[in-house]
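Reader: Could you take a close look at a single part of this model, the place where two helices cross, and then set it in the context of the rest?

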Amino acid sequence: MSRLLIPGLVILVSLLFLASLLIGPAAVPFRDSLSALILGDGGPMTLVMRELRLPRAVLAAAIGAGLGLSGAVMQGYLRNPLAEPGLLGVSGAAALGAVLALQTGLAAALVLALPLAGLAGAFLAVLMLALLAGPAGGALTLILAGIGVSALSGAALALVLNLSPDPFAAQEIVFWLMGSLADRSWSHVALALPFITLGSALLLSQSRALSALTLGEDAAATLGVDLGRLRLAVLLGTAAVVGAATAVAGAIGFIGLMVPHVLRRATRGDPARLLPVSALGGAALLLAADIAVRLILPGRDLKLGVLLAILGAPFFLMLILRTRFAQNA
Amino acid sequence: MSVFARVSEGLAPVLALALWAGVGSAQTAPPARVVSMNLCTDQLALMLAAPGQLISVSYLAHDGAVAPLREAARALPANRGLAEEIYLLDPDLVLAGRYSTVATVAMLNRLGVPVIRFEPEASLDDIEGALAHMGSALGREAEAQALIAGFRADRARLAAFLRDARAGTEGPRAVLYSARGWTGGSQTLSGDILRAAGLRNLADELGFVWGGMLGLEALLMADPDRLILGSDTQAGWSEARALLRHPALRQSRAYRAGVATNDRDWVCGTPHVLAAIARLIEETAP
């Protein structure tokens with residue numbers, strides 16, 4: 001079964017990607033949509049397929065993969081099943097960085113300022129979490145540190161948006177805290193994709209070190225793992241992925257929590273195998289969620305975070321219960 | 001000569017009359033200390049009030065769209081529509097909009113300060129009613145009738161110009177597109193401005209008679225001839241306004257045909273919207 005896992009997930013992601021391209025407010029027959037996309041007739045359908053639906057699907061796949069992977073890495077590195085970038089305030093801090101770059105006009109003046117500001121926010125948040133509740137900190141400390149980082153970044157985000165001279169900015173806290181892929185364009189893909197790719201590559205390269213870490217820090221060190229380098233790679237990798245993803249699509253939560261959990265048993269808990277599988281699973285989950293928000297409330301821009309929290313929060317509560325039983329046992 | 005210049009010329013004497021009016025008969029005890037809390041009542045009151053009658057305007061009027069009114073507004077202190085500050089101005093009449101500063105209006109009512117609320121205008125015809133309403137509120141009926149007569153004459157002149165410009169051809173299919181994808185239908189003042197400029201409104205075609213949020217994909221698929229975009233000059237950033245710079249919108253047929261802007265002078269129903277209509281006719285000329 002586990003041998004079929006990767007091909008099965010690849011097929012699932014491909015099918016969802018195709019569905020994401022074919023589902024939209026303009027109900028056009030599948031054949032016509034695809035011919036407009038590939039052949040291009042210069043009409044409005046070609047514009048919709050190439051400039052709206054294709055970048056949206058690409059972003060969903062890339063961001064989902066990045067978030068699934070960073071969730072798996074954070075859980076492996078912190079050796080804590082509750083670790084996840086959205087829940088611990090990393091995404092919120094990335095959103096704060098991105099909003100600061102946009103409101104100050106820095107993002108307009110300098111192309112890379114937007115993803116870099118998101119990256120900086122995420123980096124600071126992961127650093128704070130690692131310092132407050134590192135691998136030895138335990139589940140409770142980590143969650144408490146995450147609540148602190150979340151509250152602080154959320155409040156600062158609301159303050160910046162309320163101070164904006166743009167009257168619409170204050171209403172967009174929902175976008176920044178819940179995430180959405182509506183009306184994204186190739187310019188968003190161009191900003192986010194390089195950082196997500198580089199960050200993901202960095203994280204995937206740490207899979208063997210993370211496997212060794214399951215035996216404990218001392219054992220990992222005797223196995224030749226450079227713990228300082230591992231920490232830096234985890235910090236930079238998650239910051240690049242979460243920062244760039246959040247800068248273009250807002251904070252999308254719970255993917256990094258749910259995906260590694262669902263897939264952990266199939267990979268027998270081995271991080272080296274869990275990481276690539278979590279990336280595929282994350283892509284599938286975000287593509288599916290983005291299709292669902294379009295089907296549930298067509299044309300109303302239901303935020304992704306709403307749907308993912310409805311799925312993910314009960315999941316999180318279940319994990320807390322399981323952690324408690326494990327502690328009591 | 002452009003119709004814009006012609007209409008402006010037509011408006012100039014009316015405005016001069018409005019701003020520097022010393023003529024007209026004062027009615028029995030017209031209000032002497034009038035405070036306006038709404039950008040649109042500001043503009044109507046500035047056009048009609050006697051010198052010294054209006055003592056404060058809303059802070060928005062200080063950077064309003066119509067230049068002569070803006071200068072007149074800046075000569076008066078601004079208010080932010082807070083009950084306390086309005087009460088301390090000791091007004092004998094407060095002018096407010098129907099839907100704004102609701103809490104302040106309720107408070108002023110309890111304190112016994114007379115408040116007149118104005119409905120937002122939903123058509124060019126409503127502008128005549130608003131002028132008459134403001135005229136009677138301020139005891140300036142004669143000035144209001146003069147403005148209404150000038151407004152009617154300008155409208156007739158504009159309609160004649162439109163007939164010449166379009167020469168019997170059907171107007172282009174146009175769509176208003178503002179921040180967050182808001183579009184206005186035929187039952188709104190913006191929709192009436194489009195109609196007066198000889199444009200067919202896409203919003204009506206899509207069922208948004210009153211206006212509503214139009215998704216970018218739906219807009220592109222409807223393939224309009226012309227786009228009238230919301231103005232994009234403010235500082236700061238919002239995803240709502242970033243939508244108006246979306247690459248897909250910029251590659252559309254309508255965008256490449258030339259974009260007109262739905263600017264601040266569309267907001268309030270005053271005779272000045274005729275200048276906006278004249279500009280729109282020129283911007284969407286074939």
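**A helix crossing and its surroundings**

Author: In chain B of this predicted model, 48% of the 286 residues count as buried. The part to look at closely lies in chain A, where helix H14(A), residues 271-296, and helix H15(A), residues 304-328, have axes that come within 9 Å and cross at roughly 115°. Since angles of 65 to 115 degrees count as roughly perpendicular, H14(A) and H15(A) are therefore roughly perpendicular to each other, and their crossing is right-handed. On the side of H14(A), the residues that take part are Ala289(A), Asp290(A), Ala292(A) and Val293(A), and these meet Leu304(A), Leu307(A) and Leu308(A) of H15(A). Sorted by class, this contact of H14(A) with H15(A) has six nonpolar residues, one charged residue and no polar ones.

The contact between the chains can be described in a similar way, with 22 residues coming from chain A and 23 residues from chain B. On the side of chain A that touches chain B, the elements giving two or more residues are helix H3 (44-77), helix H4 (90-103) and helix H9 (186-204) of chain A, and the largest share, five residues, comes from H3(A). The residues of that side of chain A divide into 12 nonpolar, six polar and four charged.

As for the partner, chain B has 14 helices and 11 strands, and among its contacts between residues at least 6 apart in sequence, 64% join residues at least 24 apart.

How values were computed
Residues numbered from 1 in each chain as written. Chains lettered and ligands numbered in written order. Predicted model: local features only at pLDDT ≥ 70, side-chain atom pairs only at ≥ 80, totals over all residues. Contact = placed C-beta atoms within 7 Å. Helix = DSSP H or I, 4+ residues; strand = E, 2+ residues; numbered from the N terminus. Nonpolar A, V, L, I, M, F, W, Y, C, P; charged D, E, K, R; others polar. Buried ≥ 20, exposed ≤ 12 C-beta atoms within 10 Å, placed from the backbone. Axes fitted to C-alpha atoms, helices over the stretch in contact; angles between N-to-C directions. Parallel < 35°, antiparallel > 145°, perpendicular 65-115°, else oblique. Left-handed = near helix turned anticlockwise from the far one by under 90°.
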